[in-house]
Amino acid sequence: MNDLMKDLLGLQSLDTELILLAALKRTRPQELEKERAMGIQAKQALDHLQQEIKRIKLECDRAELDLKKDQADLEKVQVALNTAKSNQEYQVLRDQIERLKERMGKAEEAILMKMAEIDSLNEEKKAAIDNLAAVEKEFKVKEEELQGFLKELAERANGLEKKRAEKAQIITPDALEVYSRILGRYCDAALAAVENNVCQGCHMSVTTQLITQLMIGRDLIQCKNCMRILYLPEREEG
Ligand SMILES: [Zn+2]
């Protein structure tokens with residue numbers, strides 16, 4: 001293998017790692033999306049409970065106001081009962097009192113039920129607050145982890161970029177241009193090994209004529225199909 005090919009392979013190995021790092025930089029933050037969604041969900045659950053508690057408290061207040069009004073009416077009717085002028089009037093007032101008492105009994109029952117509901121929702125709210133805190137803590141931990149990871153990634157990429165720039169300088173501009181063009185097209189590798197007369201980039205056969213040229217090793221030989229720069233892997237040397 002000629003020196004140019006060795007340099008290109010060196011460049012390719014740096015680029016392969018850089019491509020991998022770039023992919024990680026892109027995909028790793030997505031792993032946090034699950035935690036983020038859980039946080040939103042926990043917050044929504046808490047909001048929902050708070051609204052529900054507020055709503056039932058309002059209902060409770062309204063029912064208590066109605067109850068007070070009925071209570072006042074009851075007292076008035078009871079006073080009227082004591083001064084009833086006829087049996088008929090007495091009976092009408094008695095019926096009215098019965099109806100009011102029945103309604104008030106039902107209202108008191110409903111108020112008690114609503115209060116019990118508020119108590120149980122308050123318990124749920126406590127659990128929801130704890131859950132939200134736990135989810136937010138978990139998110140923070142993972143986010144810090146991610147930031148650390150991305151920082152390391154950036155440092156590693158910087159180091160590789162420097163090495164790559166040095167490596168690129170010793171490669172002839174023509175070869176570098178071909179290399180860059182093919183890498184830009186495939187976004188994975190510009191070089192492909194030939195194994196068993198097959199290009200490992202596109203898995204198509206390579207002509208014997210090309211193999212011969214590769215063995216002579218004077219020029220850059222490109223696959224006729226995928227255009228990747230071909231090389232014969234060196235085996236069991238030294
Ligand atoms: Zn090919």
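Biologist: In which sense do β1 and β3 pair, and over how many bridges?

Modeller: In this predicted model, β1 and β3 are joined by three bridges and run in the parallel sense. Two strands count as paired if there are at least two bridges between them, so the three bridges between β1 and β3 satisfy the criterion. One of the contacts links leucine 191 with its bridge partner in β3, isoleucine 229.

Biologist: How do you know that β1 and β2 pair, and in which sense?

Modeller: Strand β1, residues 191–195, shares two bridges with β2 in the antiparallel sense. The requirement is at least two bridges, so β1 and β2 also qualify as a pair. Valine 194 has cysteine 199 as its bridge partner in β2, and glutamate 195 stands opposite valine 198. The two strands form a hairpin with two residues between them, and asparagine 196 in the turn has a positive phi of about 50°.

Biologist: What is the order of the three strands in the open sheet, and why is its pairing called mixed?

Modeller: The order is β2-β1-β3. The pairing is mixed: β1 is antiparallel to β2 but parallel to β3.

Biologist: What makes β2 and β3 the edge strands?

Modeller: Each of them, β2 at 198–199 and β3 at 229–231, pairs on one side only.

Biologist: Turning to the helices, why are α2 and α3 called roughly antiparallel?

Modeller: The axes of α2 and helix α3, residues 87–169, cross at roughly 165° and come within 7 Å. Angles over 145 degrees count as roughly antiparallel, and the pair is therefore placed in that class. The crossing of α2 and α3 is left-handed. By class, their contact has 30 nonpolar, seven polar and 20 charged residues.

Biologist: At what angle do α1 and α3 pack, and how far apart are their axes?

Modeller: The angle is about 155°, and the axes are 10 Å apart. Since 155° is over the cut-off of 145, α1 is roughly antiparallel to α3. Here too the crossing is described as left-handed.

Biologist: Why does glutamate 31 count as exposed?

Modeller: Glutamate 31 has 11 C-beta neighbours inside 10 Å, and a residue with 12 or fewer is exposed, so the label follows. Glutamate 31 lies in the loop between α1 (3–27) and α2 (33–82). Its C-alpha atom is separated by 36 Å from that of leucine 176, which is 145 residues away along the chain.

Biologist: Why does proline 29 count as partly exposed?

Modeller: Proline 29 has 15 C-beta neighbours inside 10 Å, a count between the limits of 12 for exposed and 20 for buried, so the intermediate term applies. Proline 29 is likewise found in the loop between α1 and α2. Although proline 29 and leucine 150 are 121 residues apart in sequence, their C-alpha atoms are 8.9 Å apart in space.

Biologist: What makes helix α5 hardly covered?

Modeller: Helix α5 spans residues 208–216, and the count of buried residues among its nine residues is zero. To be buried, a residue needs 20 or more other C-beta atoms within 10 Å, so none of the nine reaches that count. Just after α5, glycine 217 takes a positive phi of about 65°.

Biologist: Which domains does the domain assignment give?

Modeller: The assignment gives domain 1 as 25–168 and domain 2 as 172–231. Their C-alpha centres lie 66 Å apart.

Definitions and conventions
Residues are numbered from 1 along each chain as its sequence is written. This is a predicted model: local features need pLDDT of at least 70, side-chain atom pairs count only at pLDDT 80 or more; totals for chains, interfaces and linings use all residues. Helices (H or I, at least four residues) and strands (E, at least two) are DSSP runs, numbered from the N terminus. Domain bounds come from an automatic or database domain assignment. Axes are lines fitted to C-alpha atoms, for helices over the stretch in contact, and angles run from 0 to 180 degrees between N-to-C directions. Angles under 35 degrees count as roughly parallel, over 145 as roughly antiparallel, 65 to 115 as roughly perpendicular and the rest as oblique. A crossing is left-handed if the near helix is turned anticlockwise from the far one by less than a right angle, and right-handed if clockwise. Ala, Val, Leu, Ile, Met, Phe, Trp, Tyr, Cys and Pro count as nonpolar, Asp, Glu, Lys and Arg as charged, and the others, Gly among them, as polar.
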